[in-house]
Every structure is written in C-alpha cells, then in structure tokens.
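Please open the model in a viewer and keep the sequence panel visible. The tour below proceeds by selections, each followed by a description of what is found there.

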Amino acid sequence: PVTVYPDEHIASVKVAHRVADLIRGKQRQGERAVLGLATGATPVEMYAELVRLHREEGLGFQNVVTFNLDEYYPMSPTAAQSYVTFMNENLFDHIDIPKENIHIPDGTLSKDEIVAYCLAYERKIEELNGLDLQILGIGRTGHIGFNEPGSAPNSGTRLVTLDDLTRRDASRDFGGKENVPTKAITMGIGTIFKAREIILMAWSQKKAPIIKKAVEGEISSDVPATYLQLSDKVEFVLDMDAASALT
Ligand code: F6R
C-alpha cells in the first residue's frame with residue numbers, strides 16, 4: 001500500500017509513532033523490538049520525533065535492538081561521513097538504548113574478514129527472531145539499502161560496489177565524488193524481505209520519478225525497489241511531492 005501525507009514532517013511523525021507503538025507493545029510483553037534502520041536525509045525527522053518521544057514522553061529504548069542497513073567501505077566509525085556518526089548524532093546519543101544492542105556494518109574490516117562478518121550479521125538478526133520492522137529510504141538508482149541495480153532478490157548482507165549516481169548524490173557530504181568510497185557493506189534484498197513489516201519513506205520532487213518506477217514499474221533488478229511490489233508487508237510512506245508522478 002501507498003500512504004501519502006501532506007508533507008515530510010507529518011509523515012515522519014506518523015512513522016515515528018508507529019515505531020514507538022511497536023516498542024511499547026513489545027515492552028508490555030517483556031520482549032525486544034528488533035528494528036532495521038536507515039541513514040540519509042529521509043529518516044532524520046523521524047529520528048528527531050523518536051528523540052522527542054524519549055525526552056518528553058518517556059519512551060524507553062532499553063528493549064530495542066537495532067541493525068543498520070549499510071555502511072560505506074572502507075570507513076572509519078569516527079569519520080564525519082560514517083553511518084556510525086550519523087546514527088549517533090541523529091538518534092543513539094539522545095536515547096537510552098544499550099550500546100551492545102546497536103549493530104552497524106563495520107567499515108574497518110580487512111577484505112578477507114568481510115564474508116564471515118556478513119554471515120554473522122545475518123545470523124545475529126536470525127538469533128533475535130528476525131526484524132520486526134525495517135525502515136527504508138530509496139536512492140535515485142532505485143537502491144534500497146545499498147542494493148544497486150543488478151542486485152538479486154535473494155541477496156544477503158555483502159560487500160557491494162556503489163552506482164555512479166549514488167556516489168554523485170553523496171558527493172556533497174564528502175566534498176567531491178572522488179572522495180566517496182566506491183564500495184559499501186549492505187544488508188541484501190533477501191535480508192530486508194525477511195522483516196515482518198517494511199516501511200519505505202520518500203520525500204520531495206527529486207524522488208518522484210524513482211517512486212513511480214518502484215511502485216508502478218515492471219519488477220526488475222534494474223530497479224531493485226520494484227521487488228517490494230512482491231510483498232504485502234511493505235508500505236510506501238510518501239509526501240505529496242514524492243507521490244506526484246503516481247497515476
Ligand atoms: C541509507 C540507505 C540508502 C538511502 C537512500 C536515500 O542507509 O540505505 O538506501 O536510504 O540512498 O538517501 P536519502 O535519504 O539521503 O535521500
């Protein structure tokens with residue numbers, strides 16, 4: 001299903017409240033909430049609302065376990081552009097989540113450690129009985145996580161090569177495309193699909209053409225987000241601009 005809100009702010013607050021409801025529901029049952037999280041511009045306001053709910057309305061994160069979708073490779077966790085820094089600044093530094101409950105792919109591994117690391121990442125998710133909810137953004141290439149065109153629907157966590165357009169889109173954060181890493185570690189399409197619920201968020205006119213393809217286009221590895229059409233547990237949450245090309 002597709003849900004369209006008047007603007008990014010209202011949509012972000014709605015999604016944050018769904019995340020909060022999930023966390024509170026699990027708390028009541030004495031269980032953990034296992035969340036798959038995204039970085040980038042799209043979820044920033046959603047995280048801000050979760051921080052507000054923590055500060056002003058007592059939302060606790062003691063029972064929350066998180067797995068981030070991806071990290072650049074190579075990448076130092078302390079670099080300004082790392083997804084570790086992003087998550088700390090936008091969410092983790094401001095809530096009471098236990099540090100050991102946070103998982104973000106490690107951008108400092110040596111090449112020969114990556115395969116085993118990625119399998120262990122998958123295994124950890126499975127040991128926690130899978131992701132309750134996966135939050136996604138979408139790149140202009142149609143990537144989800146960093147699953148670029150060509151990614152297989154059953155792909156797992158792995159090292160991938162970033163598309164040229166993705167690196168161009170990231171160039172401002174890195175002060176030039178030549179400084180953007182060419183690779184990343186990402187959860188796979190298969191990993192994402194195993195989540196019990198998936199919310200893909202997209203805002204602004206800039207995302208309208210790729211949203212049209214993702215929602216209405218032919219299912220194809222050329223636009224990995226089209227695979228989401230195959231699942232009935234996916235919701236596209238859009239603002240009016242991102243939805244503007246939909247028929
Ligand atoms: C980030 C991620 C990416 C982004 C996508 C959109 O963890 O997995 O798929 O969601 O590149 O990025 P923004 O939100 O910056 O437009």
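Begin by selecting Glu71, which stands opposite Ile185 in β8. The model is a predicted one, in which local features need pLDDT of at least 70, side-chain atom pairs count only at pLDDT 80 or more, and totals for chains, interfaces and linings use all residues. Residues are numbered from 1 along each chain as its sequence is written.

Next, extend the selection to β4 and to strand β8 (residues 183-186): four bridges join the two, which run antiparallel. Strands here are DSSP runs (E, at least two residues) and helices likewise (H or I, at least four residues), numbered from the N terminus. Two strands pair if DSSP finds at least two bridges between them.

Add β7 to display an open sheet of three strands in the order β4-β8-β7, with antiparallel pairing. Its edge strands are β4 (70-73) and β7 (158-161), each of which pairs on one side only. From one strand to the next, the twist averages 30°, the axes being lines fitted to C-alpha atoms and the angles running from 0 to 180 degrees between N-to-C directions.

Now move to strand β2 (residues 33-37). Are its residues mostly covered or not? Five of its five residues are buried, that is, 20 or more other C-beta atoms, placed from the backbone, lie within 10 Å of the residue's own. Ala33, Leu35 and Leu37 point one way from β2, whereas Val34 and Gly36 point the other way. In a regular strand the side chains alternate between the two faces of the sheet.

Select strand β3 (residues 64-68) as well: five bridges join β2 to β3, and the two run parallel. Ala33 stands opposite Val64 in β3. Trace the chain from β2 through helix α2 (residues 44-57) to β3; this β-α-β crossover is right-handed, meaning that, with the strands pointing away from the viewer, the path from the first strand over the helix to the second runs clockwise.

Strand β6 (residues 133-136) is the next selection; two bridges join β2 to β6, and these strands run parallel. The bridge partner of Leu35 in β6 is Leu133.

Turn then to the ligand. Of the 14 residues around the ligand, Gly40, Ala41, Thr42, Gly137 and Gly139 come nearest; a residue is near if its C-beta atom, placed from the backbone, lies within 6 Å.

Finally, select residues 12-229, which UniProt lists in an unreviewed entry as "domain: Glucosamine/galactosamine-6-phosphate isomerase"; such annotations may be inferred rather than shown by experiment. The end C-alpha atoms of this span lie 22 Å apart, and the span is 35% helix and 15% strand.

How values were computed: A residue is buried if 20 or more other C-beta atoms lie within 10 Å of its own, exposed if 12 or fewer, and partly exposed in between; C-beta atoms are placed from the backbone.
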